[in-house]
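Visitor: Please take a close look at the charged side chains in this model. I would like to know what they pair with and how far each one is open to solvent.

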Amino acid sequence: MSIAVPAVLMRGGTSKCWTFDLRELDGLTDDRDGLLLRAYGSPDLRQVDGVGGATSTTSKAALLAPSQRDGVHVEYTFAQIGIAEAKVDWSNNCGNCATVVGLYAVQQGWVAPTGDLTRVMVLNTNTGKLIAQDVPTPGGHPTNEGEVRIDGVPFPGPGIRMGFVRPQGAVTGRLLPTGRAVDHLDTERGPVRATLVDAGNPSALLWGPDLGLDGTELPARVDGDTDLLRVLDQARAHASELMGIAPDRARAAEVSRAIPKLAWLAPSTDQRTLSGEAVRADEADVSARMLSMGRTHPALAVTVSVAVAAAAATPGTVLPESARHRDPLRLSTPSGVLPLWTSSEDGELDTVFVLRNARRLATATLDVPTSAALG
């Protein structure tokens, strides 16, 4: 016996997300976590008996529903599905998965097109923050085709312009949870300077050169260095404690593997992407790398890029002066260059904008064994 779960597989930015109508999903079970874990085939490093992609960027879920709130079209809940762990993390947002929300809503008929471009207002329930999305609707019709290209994705798709509205304090309630622009995180290699910022998602932005990192690192190099991964995890655990996410460093991984996000920044320099393409130093303002669930992200989480943009707009942070007051701010990532634009109101950061693309890949029915912990 199995339970039939309607789902849509979508690519948003550099991630793939199974997308569910929350009303349908919760109508099938009282154990949302158990259903998702069994559907994805977790825990298993290969997720061989499920629909998970066996990487942090392809083991994600977007749970969506039309909103009854004024000024909001869609409510979006993000879930990071554990791979080796039987755990679903609901503590944070995913900007790449967020990219699919407006497109899905228009394709499903939840939002009526308003011309060649349709504004969809999205509430991320994980953080309580709004995301304004401009979705292409050529001739007033939904589409799944487009010519917008982004680094890290080999094919074009419908371009989605996203604005993260007043992203500060997404989880902790403060842009700088410690009240300081720079903190020093303890590691076995000595202290490392970091800006602990909560915008988009709580993020620990390390100054990479303090750990001998120059911002050109590709995932295979970092993931193969167990000593470096341990040091980075020590920094993340200290950041979690300082930000008030975990009560102490020893329990940081137990509380959440997803937040705070950990990234390291370095001066922009000549480098190559995962696909072998060259990025010149003058094509970016700062280099950025990050870990996702303990392994190196093949690009850069959109929410972390929002945190970097917020840090660039805040005096005294680890961002070099050369990366401040840039419009756009260009981040060099393992997959290429990611530009961000910002707007301010009354001297404070108001919105961070990023252009991504998205596409519906499949409409499916998932057969989930009833041996899953279904209510």
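**Charged side chains and their partners**

Guide: In this predicted model, the side chain of D350 makes a polar contact with the side chain of T351, at 2.9 Å. D350 is found in strand β19, which covers residues 348-369. The acid is buried, with a relative accessible area of 14%, and the cut-off for that class is under 20%. Leaving aside its neighbours within four places in sequence, D350 is in contact with two groups of residues. One group is F164, V165, R166 and P167; the other is S343, S344 and E345.

Next come the salt bridges. Side chains of opposite charge can pair when their charged atoms come close. A search of the whole structure finds 21 salt bridges. One of them joins D186 and R249, with the closest N and O atoms 3.2 Å apart. D186 lies in the loop between β9 (183-185) and β10 (192-199), while R249 lies in the loop between α5 (226-242) and α6 (252-255). The pair therefore ties together parts that are 63 residues apart in sequence. D186 is partly exposed, at a relative accessible area of 37%, and R249 is also partly exposed, at 35%. This pair belongs to a network of salt bridges that links D186, E241 and R249.

Another salt bridge is formed by R221 and E217, whose closest N and O atoms are 3.9 Å apart; the cut-off for a salt bridge is within 4 Å. Here the two partners fall into separate exposure classes: E217 is buried, with a relative accessible area of 1%, whereas R221 counts as partly exposed at 49%. The exposed class begins over 50%, so R221 at 49% is still counted as partly exposed.

E254 and R251 form a further salt bridge, and its closest N and O atoms are 3.8 Å apart. E254 is exposed, with a relative accessible area of 51%. R251 counts as partly exposed, at 37% relative accessibility.

To return to the acids, D350 and E217 are both buried, at 14% and 1%. D186 is partly exposed, and E254 is exposed. On the arginine side, R249, R221 and R251 each count as partly exposed.

Methods:
Residues are numbered from 1 along each chain as its sequence is written. This is a predicted model: local features need pLDDT of at least 70, side-chain atom pairs count only at pLDDT 80 or more; totals for chains, interfaces and linings use all residues. Side-chain values use heavy atoms; hydrogens and water are left out. A salt bridge is a side-chain nitrogen of Lys or Arg within 4 Å of a carboxyl oxygen of Asp or Glu. Helices (H or I, at least four residues) and strands (E, at least two) are DSSP runs, numbered from the N terminus. Buried means under 20% relative accessible area, exposed over 50%, partly exposed in between (1.4 Å probe, protein chains only). A polar contact is a pair of N or O atoms within 3.5 Å; within protein, one must be able to donate a hydrogen and the other to accept it, and residues adjacent in sequence count only if both atoms are side-chain atoms. Contact means heavy atoms within 4.5 Å.
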